[in-house]
Amino acid sequence: MKKAIITGITGQDGSYLAEFLLDKGYEVHGIIRRSSSQNTQRIDHLSTGKFAEEEKFVLHFGDLSDSNNLNKLIYHIEPDEIYNLGAQSHVKISFDVPEFTSDVNAIGTLRLLESIKEVNPNIRFYQASSSELFGKVKETPQSENTPFNPRSPYAVAKLYAYWITVNYRDAYELFATNGILFNHESPRRGKTFVTRKITTGISNIIKGRQDKIILGNIDAKRDWGFAGDYVEAMWLMLQQDSPDDYVVATGETHTVREFCELAFEHVGIDLVWDGEGENEKGFDSATGKELISISSQFFRPTEVDLLLGDATKTQQKLNWKPKVSFKELIHMMVDSDLNNYNNLYRKEY
Ligand code: NAP
Ligand code: G4F
């Protein structure tokens with residue numbers, strides 16, 4: 001039985017990856033931060049279920065800013081694989097907390113690699129790299145060979161993490177890989193990322209709890225996939241004969257505007273737009289009710305306008321393909337928020 005450590009296990013991807021690895025028979029150890037409010041909703045079904053009883057799912061307090069803690073956990077757990085998903089993952093917030101973001105996202109990765117090098121260089125390491133590295137893109141679509149051009153403290157910190165992973169692979173022959181993942185969403189996505197903000201907004205509007213959704217740049221384009229599909233690619237990267245870096249994407253790009261239109265369409269509302277720039281608004285064509293407005297509050301000092309991934313290498317070498325389409329993803333998220341689905345939110349064991 002293989003053992004894995006997951007940092008960021010309480011996050012969207014951490015929860016899907018934990019389920020995936022448990023299904024594969026792994027013993028999964030998650031690192032969680034102490035919090036004064038509940039931060040384990042996405043994994044509570046694992047902490048209380050059969051895997052916890054059989055000690056196949058174990059949580060440990062820790063933090064990517066604390067090297068001693070990381071060293072101790074890696075030494076005692078003796079993992080075969082470490083998936084570093086922990087991060088301050090919100091791009092806009094990284095402009096507010098750039099130093100914290102850099103410490104956790106960049107130096108946190110270095111701390112793990114140093115620990116692996118010292119404790120057991122045979123541990124396989126996955127780094128959650130990001131399409132944000134491409135930033136103000138130098139070419140479209142973006143592949144493993146596209147030059148990076150980051151546009152936020154988040155992306156600059158992830159760039160350090162990317163290169164330190166490559167450096168430790170080259171310098172110390174660690175099995176260290178970067179998964180350069182394009183945006184991936186799900187009913188478990190944090191509610192301040194744009195997709196979930198839209199789907200929870202729609203649910204609240206329909207239930208009379210919210211009048212409209214206030215957004216920023218609705219012309220930004222993203223390559224959006226389903227998080228449940230993407231965790232398989234993470235695992236596949238660590239099962240190869242040698243370490244490498246891989247782009248994971250759908251190969252389709254859509255605007256935030258299109259996401260809004262399809263999400264409203266799914267609940268029977270035809271969204272029409274009027275106005276320009278910050279004065280643009282989205283209306284229900286049947287009733288004239290204002291459903292979307294724009295506020296400068298949600299614009300970023302520097303934006304990533306267009307992301308579109310070329311995942312040819314991942315498809316060929318890992319035999320991986322996304323299963324859930326853009327439309328299916330939107331429907332899944334809207335339905336989940338509308339119905340407060342705990343059964344979609346979590347897999348039953
Ligand atoms: P998420 O939902 O925001 O989860 C982030 C996780 O990191 C949470 O478990 C969080 O713990 C943990 N964390 C934050 N600061 C930490 C610290 N100082 N020490 C230890 N853990 C810490 O993010 P996600 O969407 O699952 O993404 C997973 C990883 O992939 C992140 O590194 C993200 O940057 C990267 N990524 C995501 C995407 C995407 O589209 N989702 C695309 C490319 C790359 P709390 O619950 O306690 O806050
Ligand atoms: O949903 P977002 O906040 O995701 P973003 O910035 O693309 O970052 C996500 O994906 C990255 C991979 O490319 C990850 F590395 C990162 O950790 C995170 O998971 O914003 C998407 C787009 C942006 O262009 C943003 O300006 O939507 C635009 N947007 C428009 N209105 C908004 C809003 N974003 C947010 N969060 N909130 C808005 O009201």
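**Ligand shells and local backbone features**

R196 touches S186, P187, R188, R189, G190, K191, G201, M333 and D337, when residues up to four places away in sequence are left aside. These contacts, like every feature described below, are those of a predicted model. R196 belongs to helix α8, which spans residues 194–206. The relative accessibility of R196 is 6%, and because a residue counts as buried when this value is under 20%, R196 is classed as buried.

The chain was next considered over the range that a record assigns to a domain. An unreviewed UniProt entry places the feature "domain: NAD(P)-binding" at residues 5–333. Over residues 5–333, helix makes up 40% of the chain and strand 18%. The C-alpha atoms at the two ends of this range are 28 Å apart.

Ligand 1 is surrounded by 25 residues, and the closest of them are T10, R33, S89, Y154 and K158. By residue class, the shell around ligand 1 consists of nine nonpolar, eleven polar and five charged residues. Helix α1 (12–23), strand β5 (124–130) and helix α7 (153–172) each contribute at least two residues to the shell around ligand 1. The most is given by β5, which supplies three residues to this shell. Contacts to oxygen atoms of ligand 1 involve both backbone and side-chain atoms of the protein. A backbone N or O atom of G8 is found 3.3 Å from an oxygen atom of ligand 1, and a backbone N or O atom of D13 is found 2.8 Å from an oxygen atom of ligand 1. For N39, an N or O atom of the side chain is 3.1 Å from an oxygen atom of the ligand. Taken alone, ligand 1 exposes 900 Å², of which the protein buries 90%.

Ligand 2 has 24 residues around it, and those that come nearest are S130, S131, Y154, R300 and E303. Its shell divides into ten nonpolar, eight polar and six charged residues. Y154 is thus listed among the closest residues of ligand 1 and among the nearest residues of ligand 2. A polar side-chain atom of E303 lies 2.6 Å from an oxygen atom of ligand 2, and a polar side-chain atom of N183 lies 2.7 Å from an oxygen atom of this ligand. T192 contributes through its backbone, with an N or O atom 2.9 Å from a nitrogen atom of ligand 2. On its own, ligand 2 has 710 Å² of accessible area, and the protein covers 95% of this area. Two or more residues of the shell around ligand 2 come from each of α8 and β8 (213–215).

Both α8 and β8 also take part in the packing around helix α10. In α10 (residues 256–266), the buried residues are V256, R257, F259, C260, L262, A263 and F264. The buried residues of α10 pack against α8 and β8, and also against β12 (254–255), β13 (271–274), β15 (290–294) and α12 (326–339). After α10 comes G268, which has a positive phi near 80°.

A buried position was also examined in strand β6. I180 lies in β6 (residues 176–181). Its relative accessible area is 1%, and therefore I180 is buried. With residues up to four places away in sequence not counted, I180 touches S129, S130, S131, F134, F148, Y162, Y246, V247 and V248. S130 and S131, which are among these contacts, are also among the residues nearest to ligand 2. I180 and A128 are separated by 52 residues in sequence, yet their C-alpha atoms are 6.9 Å apart in space.

Several particular backbone features occur in loops. The peptide bond from T140 to P141 is cis, with omega near 0°, and P141 is located in the loop between β5 and α7. E55 is not a glycine, although its phi is positive, at about 60°. E55 is placed in the loop between α3 (50–53) and β3 (57–61). The relative accessible area of E55 is 58%, so this residue is exposed. N319 likewise is not a glycine and has a positive phi, of about 55°. N319 is found in the loop between α11 (312–318) and α12. Because its relative accessibility is 68%, N319 counts as exposed.

Technical notes:
Residues numbered from 1 in each chain as written. Chains lettered and ligands numbered in written order. Predicted model: local features only at pLDDT ≥ 70, side-chain atom pairs only at ≥ 80, totals over all residues. Heavy atoms only, no water. Helix = DSSP H or I, 4+ residues; strand = E, 2+ residues; numbered from the N terminus. Buried < 20%, exposed > 50% of the residue type's maximum accessible area, 1.4 Å probe, protein only. Contact = heavy atoms within 4.5 Å. UniProt positions renumbered as here; feature names shortened; annotations may be inferred. Near = heavy atom within 4 Å. Polar contact = N/O pair within 3.5 Å; in protein donor to acceptor, adjacent residues only side chain to side chain. Areas by Shrake-Rupley, 256 points an atom, 1.4 Å probe, with all protein chains shown as cover. Nonpolar A, V, L, I, M, F, W, Y, C, P; charged D, E, K, R; others polar.
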